[in-house]
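Reader: I keep meeting words like cavity, pocket and contact, and I never know how anyone decides when to use them. Could we go through them with one example?

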Amino acid sequence: MSINVEKIRNDFPILSQKIYGKPLIYFDNGATTQKPLCVLETEKRLYSEINANIHRGVHFLSQKSTELYEESRNFIKNWLNAKFSHEIIFTKGTTEGINLVAASFGEKFINEGDEILITEMEHHSNIVPWQILCERKKAILKVLPFDENGELCLEKLSELLNSKTRLVSFTQISNSLGTINPVKKIIQEIRKFSTEIVVLVDGAQAVSHFKIDVQELDCDFYVFSGHKIYAPTGIGVLYGKEKWLDAMPPYQGGGDMIKTVSFSKTVYADLPFKFEAGTPNFIGAITLKTSLNYLNDLGIENIASYENDLLKYSLSKLNLFSELRLIGNAKNRSSIISFILNKIHPYDTGMILDKMGIAVRTGTHCTEPVMQHFKITGTIRASLSFYNTESEVDVLISGIQKVIKMFSVND
Ligand code: PLP
């Protein structure tokens with residue numbers, strides 16, 4: 001089966017609207033994805049029919065919502081091929097997942113002089129939590145660079161690993177360069193150097209494109225956000241190997257993460273509840289299952305192949321502009337395209353495209369070090385999804401033509 005894009009577009013009501021009288025062309029999927037009707041309907045049905053706080057009630061609705069919440073956890077366990085469902089922790093997103101590991105794992109296992117390795121292409125959410133931890137623990141943050149094509153300099157990995165390296169955290173797909181990193185190969189190399197080093201993979205941009213198998217990857221932690229995978233905002237997942245999650249102290253204290261509380265002693269709950277203090281976003285967690293089922297029905301391989309064709313089509317057109325420079329030219333890349341136009345500020349381009357109904361993102365994309373690498377202030381980023389079409393790409397191309405013409409007149 002391949003992607004029937006016209007049929008699929010009917011599943012996304014937001015796509016049929018007009019912006020400034022022009023059909024909306026949504027190319028900002030790297031920032032957040034649109035939601036299919038089944039996801040919208042699940043949310044509505046949950047709030048209209050079963051809304052009740054989980055884990056705390058004997059009444060029918062509470063039991064029902066608890067059951068669906070735990071069913072979703074189990075579904076995600078299978079979806080990621082985790083070993084146990086208690087290795088799946090619901091968070092509010094990728095950022096919270098990384099902060100949880102940095103705070104909790106960091107509290108127990110990072111000591112003065114230890115080293116944490118990240119890469120130069122990380123999103124701020126995979127940089128700043130480690131900087132905070134390093135400051136707190138007097139640990140050292142090291143950075144694996146990337147080259148001019150936006151590919152990690154993997155030949156430098158072995159130079160950066162040493163007996164002090166405690167944790168390596170890196171992204172599977174760069175949100176500003178589109179680079180797909182060879183996660184399995186990197187983890188194998190780290191494991192070859194030492195089996196003691198803990199690895200976290202930021203899957204924020206990857207989960208909607210690939211089938212993820214955390215056991216096959218052999219990562220210790222894997223994080224992603226629901227809103228980037230056609231689910232609601234405010235829900236995300238942290239996968240962690242049982243041995244680490246068990247050994248880590250709680251991240252936050254409160255209801256649901258305890259077995260018993262007294263003023264003299266509090267006993268924490270077992271996994272996964274130890275890391276889910278307070279009322280979680282149970283509606284989001286349950287709805288996440290709906291969005292993953294939607295993607296399963298389309299077929300992740302079909303999605304990846306459609307998006308790859310659209311990427312090739314877009315690049316073949318964009319490469320015709322002599323004024324356009326791609327930022328990120330990795331051999332293995334996803335459907336995220338960053339570019340700049342000679343002497344034209346990305347913000348101006350974004351504003352003009354917006355008036356044509358085209359939503360692209362402009363700026364640093366929360367990856368300031370990537371911009372520093374290329375000595376630029378920002379890029380224009382078009383991130384494509386399976387509901388985008390070649391004719392939408394053609395409109396973007398004519399938009400770019402228009403921008404170039406307007407600014408060359410004013411030159
Ligand atoms: N990591 C990557 C690679 C991202 O692209 C993003 C968001 O753009 C994040 C982390 C942060 O995700 P969130 O804001 O959903 O927590």
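What follows is a talk about the spaces and the ligand in this predicted model.

Reader: How do you know that there are cavities here, and how many are there of 30 Å³ or more?

Author: A cavity is a set of points where a 1.4 Å probe fits but cannot get out. By that rule the count is two cavities of 30 Å³ or more. The largest cavity holds about 100 Å³ of space, and 14 residues line it. Closest to its centre are Asn29, Gly30, Gln205, Ser208 and His209.

Reader: Why is the largest cavity said to lie between two domains?

Author: Look at who supplies the lining. Domain 1 (5–30 + 299–410) and domain 2 (40–296) both give residues to the lining of the largest cavity, so this cavity lies between them.

Reader: What makes a residue count as part of the lining of the second largest cavity?

Author: A lining residue has an atom within 4 Å of a point of the space. For the second largest cavity, with about 40 Å³ of space, the residues that pass are Leu117, Ile118, Thr119, Leu144, Leu152, Leu157, Val168, Phe170 and Ile186. Strand β5 (115–119) and strand β7 (165–171) each supply at least two of these lining residues, and β5 gives the most, with three.

Reader: How do the residues of that second lining divide into nonpolar, polar and charged?

Author: Leu, Ile, Val and Phe are among the types that count as nonpolar. The lining of the second largest cavity has eight nonpolar residues, one polar and no charged. For the largest cavity, the lining divides into four nonpolar, eight polar and two charged residues.

Reader: Why is another space called a pocket, and what is the volume of the largest pocket?

Author: A pocket is an open set of points, while a probe in a cavity cannot get out. The largest pocket has a volume of about 340 Å³. Its lining has 27 residues, with Gly30, His123, Asn175, Gln205 and Lys228 nearest the centre. Helix α4 (94–109) and strand β16 (361–363) are the elements that give two or more residues to this lining. By class, the lining of the largest pocket has five nonpolar, 15 polar and seven charged residues. Since domain 1 and domain 2 both give residues to the lining of the largest pocket, it lies between them.

Reader: Which residues lie nearest the centre of the second largest pocket?

Author: They are Phe90, Thr91, Glu96, Ala277 and Pro280, out of 16 lining residues. Here β4 (88–91) and α4 give two or more residues to the lining. The second largest pocket has a volume of about 200 Å³.

Reader: Now the ligand. How do you know which residues are around it?

Author: A residue is near the ligand if one of its heavy atoms lies within 4 Å of it. Among those around the ligand are Thr94, His123, Asn175, Asp202, Gln205 and Lys228.

Reader: What makes a pair of atoms from aspartate 202 and the ligand a polar contact?

Author: The pair must be N or O atoms within 3.5 Å. A polar side-chain atom of aspartate 202 is 2.5 Å from a nitrogen atom of the ligand, so this pair meets the cut-off. With lysine 228, a polar side-chain atom lies 2.6 Å from a ligand oxygen atom. Threonine 94 uses a polar backbone atom, 3.4 Å from an oxygen atom of the ligand.

Reader: How much of the ligand does the protein bury?

Author: Taken alone, the ligand exposes 400 Å², and the protein buries 86% of that.

Methods
Residues are numbered from 1 along each chain as its sequence is written. This is a predicted model: local features need pLDDT of at least 70, side-chain atom pairs count only at pLDDT 80 or more; totals for chains, interfaces and linings use all residues. Side-chain values use heavy atoms; hydrogens and water are left out. On a 1 Å grid over the protein atoms alone, a cavity is a set of points where a 1.4 Å probe fits but cannot get out, and a pocket is an open set with protein on both sides within 12 Å along at least five of seven lines; lining residues have an atom within 4 Å of a point. Grid points are joined across faces, edges and corners, and a volume is the space filled by probe spheres set on the points. Domain bounds come from an automatic or database domain assignment. Helices (H or I, at least four residues) and strands (E, at least two) are DSSP runs, numbered from the N terminus. A polar contact is a pair of N or O atoms within 3.5 Å; within protein, one must be able to donate a hydrogen and the other to accept it, and residues adjacent in sequence count only if both atoms are side-chain atoms. Accessible areas come from the Shrake-Rupley method with a 1.4 Å probe; for residues, only the protein chains shown count as cover.
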